[in-house]
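Let's take a walk through this protein together. Have a look at the fold below, and then we'll go from the whole chain down to one of its interfaces.

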Amino acid sequence: MTEPLWTLIDAAAAMGGRVVADADAPQNLSGISIDTRTLKVGDLFFAIRGEARDGHDFVRDALARGAGAAVVAEERAADLAEAGPLIAVPSRDEASDGDAVLAAMRGLAVASRARTAARVLAVTGSVGKTGTKEALRHVLAAQGATHASVASYNNHWGVPLTLSRMPASSEFGVFEIGMNHAGEIAPLTRLVRPEIAIVTTVEPVHIEHFRSLSGIADAKGEIFSGLEPGGVAIINRDNPNFERLKAHALASRAGRVVSFGEHREADVRAERIVMRPDLSIVDVRAMGVTVTYQLGTPGRHTALNSLAVIAAVQALGADLALAALSLAQLRPPAGRGARHLLQVGDGEALLVDESYNANPASVRAALSTLAGVESAGRRIAVLGDMMELGTEAPRLHRELAQAVEEHGIDLVFTAGPLMQELFEALPTARRAGARASSAELVDPVVAALRPGDAVMVKGSNSTRMGRIVEALKARYGGAADQDLAVGRSG
């Protein structure tokens, strides 16, 4: 019989709440939910108040769908008692924006962290944190029961939600921690209490909320403030802000700082990276140990971030050889480099889906990856605006023209007023089309595709570049490269 994630009594005690339920109410809770659309039977539903909606309005629906119980604010319990089992939680102070239910979830997260014997890791960075988190999940899952953040659940509700969902029997826990402003990472890393904390890199992302790149480095360095005593700080040695991040680590309870990169002084150093269209081969010198592995996701940036994974595995004392073997089976997540073959006329075209998000560093990395794709036709970049770049946004968009030229991208489509800056900076021969929005760009991109082409789609989330990906797949069909990559590398 599967052990419950929580019992009703234990969950209520952890949150300082009271159970409002009949004596015959189910006592075991199998999961945690904040969304009735994805809720499963037996889940504990948290009625969190969002920007647009109050979760209390969905409690009856959640319980009707089979939720084991719902967590509600004490003042709403009387009105909802007839709907089913509840845990009523008292109002808190100003923490969690005054949301008693979100504060209760944090309480459950604290209890979850306290009860586990899992080895816990946390990842942040301007670029690559989700990919690195997924790589750690993949590698560690081959060595023990591993719990990790879903998608990019890395903010003030995503982190406690992920921690609350961690089974007590987990052997490894991997958490992604993000931020838009200074001071956001510190309370989350103190909640997670990692024994290993990783900063992938520091780049001008969310720069509109900071005075300088140094400010972003300081914000990322907050992750070390939650390290368990004697923990390990893993930092990108190639980044110009390495010393600043190292200072944050040394001011924490870290017992050791481990660096990674191509820098000659990196503790985990890439001695050689061989780029191939569908994979990379990496030779690494890791704290005196030499290891060579194949990486199932292409791209130089991914290869460099894999060094952080190797550093973490070594710091854990886990099986390095098994981790190296596991990396060969790694595949990019949807929206972060997933590949699809499209049937175009009598031939095929390759779609590289990078539509999840964008910033100057990640766009350059995506252009580099596109350049490395084997293609009998044209290499086409479809780019949407990069957001949260402040007053430097026009310049940062224009400067991408150099990367387009360096990587030999044949055609560029752009969506949005900021990417118009890039479009106008390009030579006429590379200008495929510019529109005000991704919706207006769908038809021109779909119509332009020819057999042999390789097309990459990327933009910030708010630009909704994913609609172009879906339109291409709908028009030309699309087989995810999870199958294709295995066939090509085998």
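How many helices and strands are there in the protein chain? This is a predicted model, and in it the protein chain has 18 helices and 23 strands. The radius of gyration of the protein chain comes out at 24 Å, close to the 23 Å that the globule rule gives for 490 residues, so the chain is as compact as a globular protein of that length. If you'd like to picture the outer dimensions, think of a box of roughly 70 × 55 × 45 Å along the principal axes, filled by the C-alpha atoms.

Now for the parts. The domain assignment gives domain 1 (6-96), domain 2 (116-328) and domain 3 (338-486). Let's stick with domain 1 and domain 2, whose C-alpha centres are 34 Å apart.

Where these two meet, four residues of domain 1 are in contact with four residues of domain 2. Together, domain 1 and domain 2 bury about 380 Å² between them, and 69% of that is on carbon and sulfur atoms. On the domain 1 side, W6, I32 and I34 supply 86% of the area buried against domain 2, more than any other three residues.

What about polar links? Two residue pairs are in polar contact across the interface of domain 1 and domain 2, while the count of salt bridges there is zero. As for the side of domain 1 that touches domain 2, its residues divide into three nonpolar, one polar and no charged.

Note on methods
Residues are numbered from 1 along each chain as its sequence is written. This is a predicted model: local features need pLDDT of at least 70, side-chain atom pairs count only at pLDDT 80 or more; totals for chains, interfaces and linings use all residues. Side-chain values use heavy atoms; hydrogens and water are left out. Domain bounds come from an automatic or database domain assignment. Contact means heavy atoms within 4.5 Å. Buried area is the accessible area (1.4 Å probe) that two parts lose on being put together, summed over both. A salt bridge is a side-chain nitrogen of Lys or Arg within 4 Å of a carboxyl oxygen of Asp or Glu. A polar contact is a pair of N or O atoms within 3.5 Å; within protein, one must be able to donate a hydrogen and the other to accept it, and residues adjacent in sequence count only if both atoms are side-chain atoms. Ala, Val, Leu, Ile, Met, Phe, Trp, Tyr, Cys and Pro count as nonpolar, Asp, Glu, Lys and Arg as charged, and the others, Gly among them, as polar. Helices (H or I, at least four residues) and strands (E, at least two) are DSSP runs, numbered from the N terminus. The radius of gyration is taken over C-alpha atoms; the globule rule is 2.2 Å times the number of residues to the power 0.38.
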